[in-house]
Amino acid sequence: MKALNEINLNTNKPDERNEAIQILSQLNLVSKLLQSKNVDLLKATDNLKNAKTNLEQFRNGYENAKANALNIASKWKVNPEFSNKRKKIIKKHFDELAQDFSQLHNRFVGMNEVCNLFNFMSPSVLISLPEKDIMEYSQKIQLRYSNDLSAEFPLQLVMLVSMTTIKEELAKLNSIKEFLEFLIKQPLLTSSVPEVATALILFLTLPVTSANAERSFSKLKLIKNYLRSTQEQERLSDLAILAIEAKEAEKMDIKELIKTFSELKARKKNF
């Protein structure tokens with residue numbers, strides 16, 4: 001592994017680097033995906049399952065991987081010696097991810113449960129299910145989130161899928177996010193099936209990782225420095241929203257915002 005890291009850090013040739021990190025490329029892809037802003041639970045779960053399978057194959061074929069690493073190291077003239085160091089005894093915490101793959105499985109049990117619950121709402125799956133199964137699966141979601149969804153949710157979902165034109169449009173969609181965007185673009189349709197839209201929003205707002213929250217706190221440190229240490233909470237929250245949603249803020253018309261603000265704050269007397 002040291003030889004592969006040395007090649008990855010020191011070489012300037014893309015081919016060498018790609019060959020050196022081939023063993024751990026799947027982990028890198030999953031890590032980047034989990035940190036992206038547009039990832040949803042279904043995509044994350046599928047990629048985690050693939051990564052787990054690849055890791056298990058890597059562990060079972062460790063000798064082959066080691067031989068492959070030695071060949072790559074010798075090919076690029078890197079010293080392939082494996083140093084024998086004294087085994088360090090490190091205190092492990094109860095929530096630490098151990099090398100045992102059962103720990104990797106247990107870490108994402110909750111995510112798998114939620115994905116299994118909402119998986120049928122993926123457009124490609126939804127249009128292929130009979131009404132009986134749609135009613136059964138949607139009732140499970142309604143019971144699980146009874147505070148957010150009413151008992152009309154199963155009926156609204158069945159009615160929506162039974163429409164021929166809607167079914168044809170759903171066949172063109174690839175994800176639950178696209179399903180929700182399709183409903184939002186049609187207000188009249190959304191008003192007839194509000195519980196379906198609520199269920200889709202509920203699924204998409206479930207966080208995959210804490211990466212977005214960590215980004216928000218990182219941005220907060222930049223905003224609240226020693227020069228702004230006395231500002232109130234409301235102003236701090238507003239500045240944080242503008243900084244976090246910078247792309248959306250850039251799309252706003254500044255002149256229109258100033259005009260609206262001046263109209264709200266103008267002190268005029270009507271005679």
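This passage describes the overall make-up of one protein chain and then some of its helices and residues.

The model is predicted. The protein chain holds 18 helices and zero strands. It has 271 residues, of which 27% count as buried. The accessible surface of the protein chain comes to about 20,200 Å². Carbon and sulfur atoms account for 53% of that surface. Contacts in the protein chain were also sorted by sequence separation. Among those with a separation of 6 or more, 59% join residues 24 or more positions apart.

One helix pair was examined in detail. Helix H10 spans residues 153–162, and helix H14 spans residues 194–204. Their axes come within 8 Å of each other. The crossing angle is roughly 100°. An angle from 65 to 115 degrees counts as roughly perpendicular. H10 and H14 are therefore roughly perpendicular to each other.

Both helices contribute named residues to this meeting. From H10 come Phe153, Gln156, Leu157 and Leu160. From H14 come Pro194, Glu195, Val196 and Ala199. By class, the contact of H10 with H14 comprises six nonpolar residues, one polar residue and one charged residue.

Gln156 deserves a separate description. This residue lies in helix H10. Its relative accessibility is 9%. The cut-off for a buried residue is under 20%, so Gln156 counts as buried. Neighbours within four places in sequence were set aside for its contacts. Gln156 then touches Ser192, Val193, Pro194, Glu195 and Val196. Of these partners, Pro194, Glu195 and Val196 are among the H14 residues that meet H10.

Helix H14 also contains Phe203. The relative accessibility of Phe203 is 1%, so Phe203 counts as buried. Phe203 and Cys115 are 88 residues apart in sequence. In space, their C-alpha atoms are 8.9 Å apart.

Cys115 leads to helix H7, which covers residues 109–118. Cys115 is one of the buried residues of H7. The others are Met111, Val114, Leu117 and Phe118. On which side of H7 do these buried residues lie, the same or opposite ones? They cover an arc of only 160° around the axis, and therefore they sit on the same side of H7.

Conventions: Residues numbered from 1 in each chain as written. Predicted model: local features only at pLDDT ≥ 70, side-chain atom pairs only at ≥ 80, totals over all residues. Heavy atoms only, no water. Axes fitted to C-alpha atoms, helices over the stretch in contact; angles between N-to-C directions. Helix = DSSP H or I, 4+ residues; strand = E, 2+ residues; numbered from the N terminus. Parallel < 35°, antiparallel > 145°, perpendicular 65-115°, else oblique. Contact = heavy atoms within 4.5 Å. Nonpolar A, V, L, I, M, F, W, Y, C, P; charged D, E, K, R; others polar. Buried < 20%, exposed > 50% of the residue type's maximum accessible area, 1.4 Å probe, protein only. Areas by Shrake-Rupley, 256 points an atom, 1.4 Å probe, with all protein chains shown as cover. Arc of directions from axis to C-beta.
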